[in-house]
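Please open the model in your viewer and set it to a cartoon representation. The tour proceeds from one selection to the next.

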Amino acid sequence: MIYLNEFGRQWKIVESQVLAAVQRVGGSGRYILGPEVHEFEASLARSWGVAHAVGVGNGMDALEIALRCLGLEPGNKVLTTPFSAFATTLAILRAGGVPVFVDVDDNGNLDLDQARSVLTRDRSIRFLLPVHLYGHPLNLEKLAALKNDLDLLVVEDCAQAIGARHGGRVVGSVGQAAGTSFYPTKNFGALGDGGAFLTNDAQIATRAKSLRNYGQSSLYVHDEQGLNSRLDELQGAILREAIMPNLQHWTEIRRQIAHQYEAAIQNPKIRMLATDESAEPVWHLFPLFIIGCERDELREHLTKSDIQSGVHYPTIIPDQVIMQRTGAFEIAAEPANARRLGSSELSLPIHPFLTKDEVAAILQACNTFQA
Ligand SMILES: *Cc1c(COP(=O)(O)O)cnc(C)c1O
């Protein structure tokens with residue numbers, strides 16, 4: 001079977017560095033908010049190209065903390081995408097915000113033109129939370145113009161897009177803050193949960209450090225209602241020592257596989273992402289959009305060829321049970337495109353441990369598919 005992820009193969013590559021990191025942290029006797037997290041934060045900020053990184057418990061908390069750092073008060077509206085991991089919207093809800101949904105473009109990313117017209121019409125929406133879905137960057141020039149023209153507070157969800165660029169600019173550097181995830185399946189995955197908050201603003205970074213640690217500004221001084229959301233020393237050490245040195249190479253391999261898929265998949269029933277030449281995606285996922293037949297027909301065809309596939313995402317966020325039950329959101333533009341993509345998307349394996357033969361088998365299966 002060709003799987004969507006191959007943690008066993010990854011382990012063989014990182015094992016000795018992980019064990020060294022575990023030994024060092026174990027022997028240090030310092031397990032929470034010590035030198036490892038500190039050094040990891042410095043390395044992450046440096047390699048990302050932002051001034052400050054703050055290690056937190058997971059990607060969702062990074063987004064909640066980011067919204068709160070930018071001053072979100074309960075009841076404030078946040079314009080966001082209906083087509084993402086549910087955690088994007090859950091972060092808004094947990095921060096007390098009200099998600100306002102618009103539609104997505106044909107790549108599944110927030111429709112920035114539609115966002116502009118909604119935000120221009122309703123100036124009570126001051127927050128924007130876009131997602132660089134599938135590792136494919138939004139047009140950052142357009143995002144920056146939108147932020148500046150309407151004086152918005154922007155949090156970028158970079159959970160799937162670590163290292164992606166558009167027009168030479170890195171994702172996460174346009175908004176006042178950004179969040180990312182080290183969930184194991186992500187491009188930069190820990191051996192457990194983890195996440196980071198990113199910003200160029202020193203004051204915002206200080207507030208994030210307080211919020212992740214019970215809202216403490218200094219020992220036993222609690223200025224606000226914080227979270228307990230700290231990156232472990234162990235995960236910080238593992239990420240910096242065992243995973244980070246491989247990240248660029250692994251991203252390169254993802255890109256090579258994506259190029260092979262793009263060049264060799266030729267099937268009128270299959271559409272792929274449209275990449276403009278300014279975009280440098282990192283291919284967290286490789287989505288196919290099925291045309292003129294059911295997604296499950298391709299899914300079954302792949303399964304018969306021993307190829308696992310994924311669906312990202314079957315249900316758009318406003319249609320989720322909890323959203324329907326509480327109704328605590330607004331629809332500013334009907335998410336018809338999101339719904340269509342949600343019912344036609346199928347993700348191929350694109351992890352960096354695929355063999356040549358596996359890639360060839362995937363290409364063969366896609367090209368022999370007939371509905
Ligand atoms: C994974 C993911 C998150 C949440 O990250 P966790 O670390 O699982 O909390 C948020 N947004 C997107 C787009 C994601 O893919």
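The stops below cover the sheet, the helices packed on it and the nonpolar cores.

This is a predicted model, in which local features need pLDDT of at least 70 and side-chain atom pairs count only at pLDDT 80 or more, while totals for chains, interfaces and linings use all residues. Residues are numbered from 1 along each chain as its sequence is written, and side-chain values use heavy atoms, with hydrogens and water left out.

Select the strands (DSSP runs of E, at least two residues, numbered from the N terminus). An open sheet of 8 strands appears, ordered β1-β9-β8-β5-β4-β2-β3-β15, with mixed pairing; two strands pair if DSSP finds at least two bridges between them. At its edges are β1 (52-56) and β15 (330-331), each pairing on one side only.

Next, select β2 (residues 77-80) and β4 (residues 127-129), which pair in the parallel sense over 3 bridges. Here Leu79 has Leu128 of β4 as its bridge partner.

Now add the helices (DSSP runs of H or I, at least four residues). Helix α2 (residues 35-48) lies across β1, β8 (177-181) and β9 (195-199). Helix α4 (residues 86-94) lies across β2, β3 (98-101), β4 and β5 (153-157).

Return to Leu79 and display its contacts (heavy atoms within 4.5 Å). Beyond neighbours within four places in sequence, they include Val100, Leu110, Val118 and Phe127.

Finally, turn to the nonpolar cores: sets of buried (under 20% relative accessible area, 1.4 Å probe, protein chains only) Ala, Val, Leu, Ile, Met, Phe, Trp, Tyr and Cys residues joined through side-chain atoms within 4.5 Å. The largest has 93 residues, and Leu79 is among those with the most contacts inside it, as are Leu44 and Tyr261. Helix α8 (residues 233-264) gives the most to this core, with 12 residues. A second, separate core of 25 residues includes Ala91, Phe127, Leu129 and Ala205.

Technical notes. Axes are lines fitted to C-alpha atoms, for helices over the stretch in contact, and angles run from 0 to 180 degrees between N-to-C directions. Buried means under 20% relative accessible area, exposed over 50%, partly exposed in between (1.4 Å probe, protein chains only).
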